[in-house]
Amino acid sequence: MWAIFIIASPITPATAQPPDVDVPRLRIPVTLDGEITGDEWADAAGMDVTFERDGLTYEGTIYLKHDCTTLWMCIQVEDDDEESSSGPDVMGDIVGVLFDANGNGMTDAGDDMAILFHDDHPMDMAITEDPSQPEPDDEIGGVNNVKGESEWEAGLYTFELSKPLNSGDSAGYDIALSPGDEMRAMFIYHDPGEAPEAPPFVGFILSLESCPVTISPTSGTVGSTVTVSGTGATANGEVRVYWYGDFIATTTANAAGEYSVHITVPHNRAGPMDIWVRDVTTGDADWGMFTVKSKIVLIPDKGSAWWWGDEIVVRGTGFDYYDLPHEPWWAPSNVTIEFNGIVWTDITWTEGDGSFEARFYVPDIMPGGTYNVTATDDFGNSASAPFTVVPKILPWPSSGSTATHVHVDGWGFAASQSVTVTFDGINVTIFEGVMTDPEGRFGNAFKVPDVELYHT
Ligand SMILES: [Ca+2]
Ligand SMILES: [Ca+2]
Ligand SMILES: [Ca+2]
Ligand SMILES: [Ca+2]
C-alpha cells in the first residue's frame, strides 16, 4: 500500500512571498512519457530550482505551461543516491505539487495536490482535514484528474504530469483556475530513503498567461464547426479570423466588444494550428490554438464480397505529410489501411494538405457483420470508421431454362452455419445440406426446378 507519506510533518506555511512565475501558453504539444523529447518543453517557463528543507537539498528544473484548459508540468530532479546499485530508490521517490486552492497562503483543508510516483501512478489528492494526510480524490467521491509518467536515468528523475485548470471535480477536490489567474503552488520532492518525514520543497506563485481568444472545441476534424469568440474588441468594430495566415471569417463585435463566429475547419495536416483574430480598428491580433485530428469516410460504408468484391473509397483528412526531402523520394507519408486489423492496402499517399484517397475491395474472408476500417500514417496519426459486410449471392449462369444446372456462391453470411437455398420460394438446397465456411462463404449447385409442376 502506498503511504501517505508526503507531509508527515505539515509543510511550513509560506510566510515569505514565493517568487512569481509567468506560465505561458503552450505552443508545442507534450507527450507524458517521463522523457523530454525534442523541444517539447522549449516553450515553457523553465526554472532552475533547489528543493530544500532542514539542510537537505536537491537540484532540479521545473517547466510549466498551460493550453488554456490544462496545466502541463515537468519536474527534473538530480538524485543519484541509488545510482550505483539497482537504479532508483526502491522506496520510490515522488514528486508532489501542492496547490493553495483556497488562496489563503496556508496548507490546509480545501487545498489540492497532484502526485506522481517514480514508477508513474499519477494521483489526484485533496486535503480535507489534516494537511499531513491528503486523501486521493477517487477515494472520497472525486475523480483522478492527474495524468503523468516518470523515468529515472543516470541520476536524473524526469516527472511529466498534467492537471486540468478546472476539472469541475466537485466538493473542492481540485483547483478551479481560469487563464489569467494566479495561484500559489509548492513543488515537493520526496525521497523517503533520505528524508521520510520532511520532504524538501520549493514554492512559486503561478501566474497563468491569459487566453484572449477562445476556441471551442479545441480539437476536431476537417469540416467540423468551431466557435471562435472573445472579448475586448473595439465596440461595434470588425473582427477578422484567420486560419494561420488565411482569412476565413469576419464578424462585428457588439457594443461591449464581445464577438463570436463559427468557422469550418479547412483541409489541414494533423496537429496544432493557430487561429488568429484581428481587431480591424486597432490592428491588434491574438491567437488561440486548435488541433486538427484525423478522420476517414468510407464511400459507401457497406458492401459485399464476391468474386472481386465491391470497391470502397476511403477519403482521409487531417493526416500528416513529409515536408523535407526523404528516401525514397516517391513515397511521401505512406498510409496503411487495415480492415478489422488486417492490413488491406498500404499504397496510399497523403497530399500536402494531409488528405488522401484510397480504395479497397471488400475482403471475402469476413462473415457478415460490422468491422473497423482504420487508416494510419507513418507519423502514427490514425482514424477509424465502421464498415458493414452485407451478404451477397451470385448464381451462374444468371438465366436459363428449366433443368439448367446452376451454381450459386454466397459471401458475407454468418460463419459455419447451415444454409437453405430457395429458387422462387422452392427449396433447392443440395441433398447433403450446405454449410458456410468460417469466413461466411458457401457454394451450392442445383437444377432450375419446373415451377409449374410444383405450383399446382
Ligand atoms: Ca515527454
Ligand atoms: Ca490553503
Ligand atoms: Ca480531481
Ligand atoms: Ca485534487
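# A tour of the predicted model

Start at Asp39, which counts as exposed because only 9 C-beta neighbours fall inside 10 Å, under the limit of 12 or fewer. Asp39 sits in the loop between β1 (20–23) and β2 (45–53), and if you select Ile28 along with Asp39, you will find the two C-alpha atoms 7.7 Å apart in space, although the residues are eleven apart in sequence.

**The whole chain**

Before going further, zoom out and keep in mind that this is a predicted model. The protein chain has one helix and 35 strands, and buried residues account for 33% of its 456 residues. Among contacts between residues at least 6 apart in sequence, 58% join residues at least 24 apart.

Colour the chain by confidence next: the average pLDDT is 89, and 90% of the residues score at least 70. Residues 1–10 have a pLDDT below 50, and this stretch has 20 contacts in the model beyond near neighbours in sequence. Where pLDDT is low, the predicted coordinates should not be read in detail.

**Strand β11 and its partners**

Select β11 (182–190). Eight of the nine residues of β11 are buried, so the strand is largely enclosed by the rest of the structure. Add strand β5 (residues 94–99), which pairs with β11 in the antiparallel sense over six bridges; within this pairing, Val95 has Tyr189 in β11 as its bridge partner. Then add strand β12 (residues 201–208), which is joined to β11 by seven bridges and also runs antiparallel to it, with Arg184 standing opposite Ile205 in β12.

**The two nonpolar cores**

With β11 still displayed, show the side chains of Met73, Ile75, Val97, Phe99, Met113, Ala185 and Phe187, the residues with the most contacts inside the largest nonpolar core, which has 50 residues. Centre the view on Phe187: leaving aside its neighbours within four places in sequence, Phe187 is in contact with Ile62, Ile75, Val97, Phe201 and Val202. A second, separate core has 37 residues, and to locate that core you can select Val265, Val277, Ile296 and Phe339, which are among its members.

**A five-strand sheet**

Val277 leads to the next stop, since Val241 stands opposite Val277 in β19. Here strand β16 (residues 238–243) and strand β19 (residues 271–279) pair in the antiparallel sense over five bridges. Widening the selection brings in an open sheet of five strands, in the order β14-β20-β19-β16-β17, with mixed pairing. At the edges stand β14 and β17 (246–252), each with a single partner strand, so one side of each is left without a neighbour in the sheet. Neighbouring strands of this sheet are turned by 30° against each other on average, direction ignored.

**A three-strand sheet**

Move on to the open sheet with the order β21-β23-β26, in which three strands pair in the antiparallel sense. The edge strands are β21 and β26 (356–361), each of which pairs on one side only, and neighbouring strands of this sheet are turned by 25° against each other on average, direction ignored. For a closer view, select strand β23 (residues 311–317), which six bridges join to the antiparallel β26, and look at Val313, which stands opposite Arg359 in β26.

**Backbone details to inspect**

The last stops concern backbone geometry. Most residues other than glycine have a negative phi, and most peptide bonds are trans. Select Ser216 and Pro217, which are joined by a cis peptide bond with omega of about -5°; Pro217 lies in the loop between β13 (213–216) and β14 (219–221). Then go to Ile299 and Pro300, where another cis peptide bond has omega of about -10°, and note that Pro300 belongs to the loop between β21 (295–299) and β22 (302–303).

Two alanines complete the route. Ala171 has a positive phi of about 65° although it is not a glycine, and this residue is placed in the loop between β10 (156–164) and β11 (182–190). Ala171 counts as exposed, with 11 C-beta neighbours inside 10 Å. Finish at Ala403, whose phi is also positive, at about 75°, although it is not a glycine. Ala403 is found in the loop between β29 (392–396) and β30 (405–411), and Ala403 is exposed, with 10 other C-beta atoms within 10 Å.

How values were computed:
Residues are numbered from 1 along each chain as its sequence is written. Chains are lettered from A and ligands numbered from 1 in the order in which they are written. This is a predicted model: local features need pLDDT of at least 70, side-chain atom pairs count only at pLDDT 80 or more; totals for chains, interfaces and linings use all residues. A nonpolar core is a set of buried Ala, Val, Leu, Ile, Met, Phe, Trp, Tyr and Cys residues joined through C-beta atoms within 7 Å. A residue is buried if 20 or more other C-beta atoms lie within 10 Å of its own, exposed if 12 or fewer, and partly exposed in between; C-beta atoms are placed from the backbone. Two residues are in contact if their C-beta atoms, placed from the backbone, lie within 7 Å. Helices (H or I, at least four residues) and strands (E, at least two) are DSSP runs, numbered from the N terminus. Two strands pair if DSSP finds at least two bridges between them. Axes are lines fitted to C-alpha atoms, for helices over the stretch in contact, and angles run from 0 to 180 degrees between N-to-C directions. pLDDT is the predictor's confidence in each residue, from 0 to 100.
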